[in-house]
Amino acid sequence: MSNVEMSRDYAVDRKRLFDHLVEPSNWPSYYNGMTEVLPHERFEEPGDAVSFRYRLLGRTLEGTATLVEMRPGERIVLRADIAGLPTVEHDWTYEDGDAGTHVRVVMDTPPVDSFFGRAIDRFILPRQLERDLARALDNVEDLVAVGFA
């Protein structure tokens, strides 16, 4: 299991940032590799799920993000399931910071030794998921800079 923790500070109101980032239709605007979120009814209660398309190592994959826990304005925990890959869990925590909002993300990624039946280094997928998360947090900074336009 690979456990990655990242944090960033954003000059924006915590509730405004939380509301924007947890809305699934906004995910492709900032989450690196996320190409599409499929239509869904709701994403508010534990067990609610959203299907998505995600580009990973040159392939477009379909997956499902299931809401595990949500405390509006404070925390969201998601479980991402993509066929053929282990479950990845994201835990996003939002706190008031000196200049706006402090966001901490913990991502748990099990190592994988194959990808579509091809042998790979068992850490290549977790490292790529870590890079996608880091780029997503950079993209959030860009969104904040332009006022979520």
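**Group meeting: salt bridges, core and cavity**

Let me start with one pair: Asp-132 and Arg-135 form a salt bridge, with the closest N and O atoms 3.9 Å apart. This is a predicted model, so please keep that in mind throughout. The two residues sit three apart in helix α3, so about one helical turn separates Asp-132 from Arg-135. Their surroundings are as follows: Asp-132 is buried, at a relative accessible area of 2%, while Arg-135 is partly exposed, at 39%.

That is one bridge. How many salt bridges does the structure hold? There are 13 salt bridges.

Next, Arg-75. Its side chain meets that of Glu-69 in a salt bridge, 2.9 Å from N to O. Arg-75 also forms a salt bridge with Asp-91, where the closest N and O atoms are 2.5 Å apart. Arg-75 belongs to strand β5 and Asp-91 to strand β6, so this pair ties together parts that are 16 residues apart in sequence.

Are these residues buried or exposed? Take Arg-75. Arg-75 has 19% relative accessibility and counts as buried, because the cut-off for buried is under 20%. Asp-91 is buried too, with a relative accessible area of 14%. Glu-69 is partly exposed, at 26%. The three residues also belong to a network of salt bridges that links Glu-69, Arg-71, Glu-74, Arg-75 and Asp-91.

Now the nonpolar side of the model. The largest nonpolar core has 41 residues, and the members that touch the most others are Leu-17, Trp-27, Tyr-30, Ile-76, Trp-92 and Tyr-94. Helix α3, residues 124-145, gives the most to this core, with eight residues.

As an example, look at Leu-17. Leaving aside residues up to four places away in sequence, Leu-17 touches Tyr-10, Val-12, Tyr-94, Thr-101, Val-103, Val-140, Val-144 and Phe-148.

Last, the cavity. A search of the whole structure turns up one cavity of 30 Å³ or more. The largest cavity holds about 410 Å³ of space. Its lining has 26 residues, and those nearest its centre are Tyr-31, Met-34, Phe-52, Ala-80 and His-90. Several elements give two or more residues to that lining: α1 (14-22), α2 (27-30), β3 (49-56), β5 (75-82), β6 (88-97), β7 (100-109) and α3.

What is the make-up of the lining, in terms of nonpolar, polar and charged residues? The lining of the largest cavity has 24 nonpolar residues, two polar and no charged.

Methods:
Residues are numbered from 1 along each chain as its sequence is written. This is a predicted model: local features need pLDDT of at least 70, side-chain atom pairs count only at pLDDT 80 or more; totals for chains, interfaces and linings use all residues. Side-chain values use heavy atoms; hydrogens and water are left out. A nonpolar core is a set of buried Ala, Val, Leu, Ile, Met, Phe, Trp, Tyr and Cys residues joined through side-chain atoms within 4.5 Å. Buried means under 20% relative accessible area, exposed over 50%, partly exposed in between (1.4 Å probe, protein chains only). Helices (H or I, at least four residues) and strands (E, at least two) are DSSP runs, numbered from the N terminus. Contact means heavy atoms within 4.5 Å. On a 1 Å grid over the protein atoms alone, a cavity is a set of points where a 1.4 Å probe fits but cannot get out, and a pocket is an open set with protein on both sides within 12 Å along at least five of seven lines; lining residues have an atom within 4 Å of a point. Grid points are joined across faces, edges and corners, and a volume is the space filled by probe spheres set on the points. Ala, Val, Leu, Ile, Met, Phe, Trp, Tyr, Cys and Pro count as nonpolar, Asp, Glu, Lys and Arg as charged, and the others, Gly among them, as polar. A salt bridge is a side-chain nitrogen of Lys or Arg within 4 Å of a carboxyl oxygen of Asp or Glu.
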